[in-house]
Amino acid sequence: MKLVPLGDRVVLKQLVAEETTQSGIVLPGQSKEKPQEAEVIAVGPGTLEDGKEVKMQVKTGDKVIYSKYAGTEVKNGDEELIIVKQSDILAIVE
């Protein structure tokens with residue numbers, strides 16, 4: 001199944017969380033939260049807001065940081081994806 005986002009929505013794939021810190025401390029499974037960093041899988045065409053065109057600022061392949069409780073989780077085969085509005089994306093990681 002191929003997901004094609006509408007309007008100003010973006011499909012994200014969460015990046016795998018690190019299991020050890022940079023100093024080598026291993027984090028137990030229960031203390032980990034889902035990462036807020038993801039890769040952009042698909043981007044919608046944009047939308048009109050107050051009669052003005054809102055262009056998409058992210059593109060497929062970008063790594064982004066998004067709001068903690070944003071989006072809708074969707075399963076696509078074995079993959080777990082998140083669909084968010086562009087406004088829920090806080091930054092592009094370069």
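Okay, let's start with one residue, Lys13: at 33% relative accessibility, Lys13 counts as partly exposed. Before I go on, please keep in mind that this is a predicted model.

So what does Lys13 pair up with? Lys13 forms a salt bridge with Glu79, and the closest N and O atoms are 3.3 Å apart. Now look at where the two partners sit. Lys13 is in strand β1, residues 9–14, while Glu79 is in strand β7, residues 79–85, so this pair ties together parts that are 66 residues apart in sequence. Glu79 has a relative accessibility of 33% and counts as partly exposed.

How many salt bridges does a search of the whole structure find? Two. The other pair is Asp62 and Lys59, with the closest N and O atoms 3.2 Å apart. Have a look at the burial here. Asp62 is buried, with a relative accessible area of 11%, whereas Lys59 counts as exposed at 54%.

Let's zoom out to the whole chain for a moment. How many helices and how many strands are there? The chain has zero helices and eight strands. If you walk along from the N terminus, the elements simply read β-β-β-β-β-β-β-β.

Back to β1, and to its pairing. β1 and β7 pair in the antiparallel sense, over five bridges, and on that side Arg9 stands opposite Lys85 in β7. β1 also pairs in the antiparallel sense with strand β2, residues 37–43, again over five bridges. There you can find Val10 standing opposite Val43 in β2. If you rotate the model, try picking out those two pairs.

Next, the inside. In soluble globular proteins, nonpolar side chains tend to be buried together. Here, the largest nonpolar core has twelve residues in all, including Val10, Leu12, Val40, Val58, Val64 and Ile82. Which strands each supply at least two residues of this core? They are β1, β2, β5 and β7, where β5 covers 63–66.

Val40 is a nice one to click on. Leaving aside its neighbours within four places in sequence, Val40 is in contact with Val10, Val11, Leu12, Val58, Lys59, Thr60, Gly61, Asp62 and Val64. You'll recognise Lys59 and Asp62 in that list, as they are the partners in a salt bridge.

Here's a residue from another strand. Asn76 is found in strand β6, residues 72–76. Is Asn76 buried or exposed? It counts as buried, at 15% relative accessibility. Apart from neighbours within four places in sequence, Asn76 is in contact with Met1, Leu3 and Leu81.

Now to the outside. Ile65, Leu90 and Val93 make a nonpolar surface patch of about 240 Å². Val93 has its place in strand β8, residues 89–93, and it is partly exposed, with a relative accessible area of 35%.

Let me finish with some numbers for the chain. Of its 94 residues, 23% are buried. The accessible surface comes to about 6900 Å², and 50% of that belongs to carbon and sulfur atoms. And if you take the contacts with a separation of 6 or more, 65% of them are between residues 24 or more positions apart. The Glu79 and Lys13 salt bridge gave us a look at parts of the chain that are 66 residues apart in sequence.

Definitions and conventions: Residues numbered from 1 in each chain as written. Predicted model: local features only at pLDDT ≥ 70, side-chain atom pairs only at ≥ 80, totals over all residues. Heavy atoms only, no water. Patch = residues over 30% accessible without salt bridge, like charges linked within 9 Å, V, L, I, M, F, W, Y side chains within 5 Å. Areas by Shrake-Rupley, 256 points an atom, 1.4 Å probe, with all protein chains shown as cover. Salt bridge = Lys/Arg side-chain N within 4 Å of Asp/Glu carboxyl O. Helix = DSSP H or I, 4+ residues; strand = E, 2+ residues; numbered from the N terminus. Buried < 20%, exposed > 50% of the residue type's maximum accessible area, 1.4 Å probe, protein only. Pairing = 2+ DSSP bridges. Core = buried A, V, L, I, M, F, W, Y, C linked by side-chain atoms within 4.5 Å. Contact = heavy atoms within 4.5 Å.
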